[in-house]
Amino acid sequence: MAFGDYPAEYNPKVHGPYDPARYYGTPDTPFGQLKLSEVGAWIGRRNKNPKAMVGALSRAWWRWQHKYVHPKRAGVAPFFQVVAASMAFFYFINYGKTKHHRNYKYHW
C-alpha cells in the first residue's frame, strides 16, 4: 500500500463509498466496554507501527471535520476549539520560561 491509496481492508462492493473517518479493519471491543483486567490485552492487540498511528490520527481528523466543520450550519465551535488547542499548546511550549515568574507569598 502506497501513500494515498485506500486501506487494504477496504472493499467497495462490501463497504460502499469510501469514508476516510471509518476504520475498515476487523472490529475490536470498544475501549469504553472493557473491564479493567482486559485493558492490557486490548493495548497489546493495537497496531503500534507509525503508519497505523498516522492512520488513526487521520481518522480522528476526518471525524472532527465531519462533525464540526463540514455540516451545513457549522457554527463557531471549530474556531473556538482551534483557539483553545493553540492556547494550550503555546502554554505547554512556554511553560519553562513562565514558571520562573510565579508570585509567591513568601520569598524563599
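The following paragraphs describe the confidence, overall fold and surface of a predicted model of a single chain.

The mean pLDDT of the chain is 90, and 96% of the residues reach a value of 70 or more. Confidence is highest in helix 4, which spans residues 77-93 and has a mean of 97, whereas the lowest confidence in the chain is assigned to helix 5, residues 95-98, at a mean of 89. Where pLDDT is low, predicted coordinates should not be read in detail.

The secondary structure consists of 5 helices and 0 strands, so that the pattern read along the sequence is α-α-α-α-α. With respect to overall dimensions, the radius of gyration of the chain is 21 Å, against a value near 13 Å for a compact globule of 108 residues, and the C-alpha atoms fill a box of roughly 70 × 45 × 30 Å along the principal axes. Of the 108 residues, 7% count as buried. Among contacts between residues at least 6 apart in sequence, 26% join residues that are at least 24 apart.

The accessible surface of the chain comes to about 9,800 Å², and 64% of this area belongs to carbon and sulfur atoms. A nonpolar patch on this surface is formed by Phe89, Phe90, Phe92 and Ile93, which together contribute about 460 Å² of accessible area. Within this patch, Phe90 is located in helix 4, and Phe90 is classed as partly exposed because its relative accessibility is 47%, a value lying between the limits of 20% for buried and 50% for exposed residues.

Conventions: Residues numbered from 1 in each chain as written. Predicted model: local features only at pLDDT ≥ 70, side-chain atom pairs only at ≥ 80, totals over all residues. Heavy atoms only, no water. pLDDT = per-residue confidence, 0-100. Helix = DSSP H or I, 4+ residues; strand = E, 2+ residues; numbered from the N terminus. Patch = residues over 30% accessible without salt bridge, like charges linked within 9 Å, V, L, I, M, F, W, Y side chains within 5 Å. Areas by Shrake-Rupley, 256 points an atom, 1.4 Å probe, with all protein chains shown as cover. Salt bridge = Lys/Arg side-chain N within 4 Å of Asp/Glu carboxyl O. Buried < 20%, exposed > 50% of the residue type's maximum accessible area, 1.4 Å probe, protein only. Rg over C-alpha atoms; globule rule 2.2 N^0.38 Å. Contact = heavy atoms within 4.5 Å.
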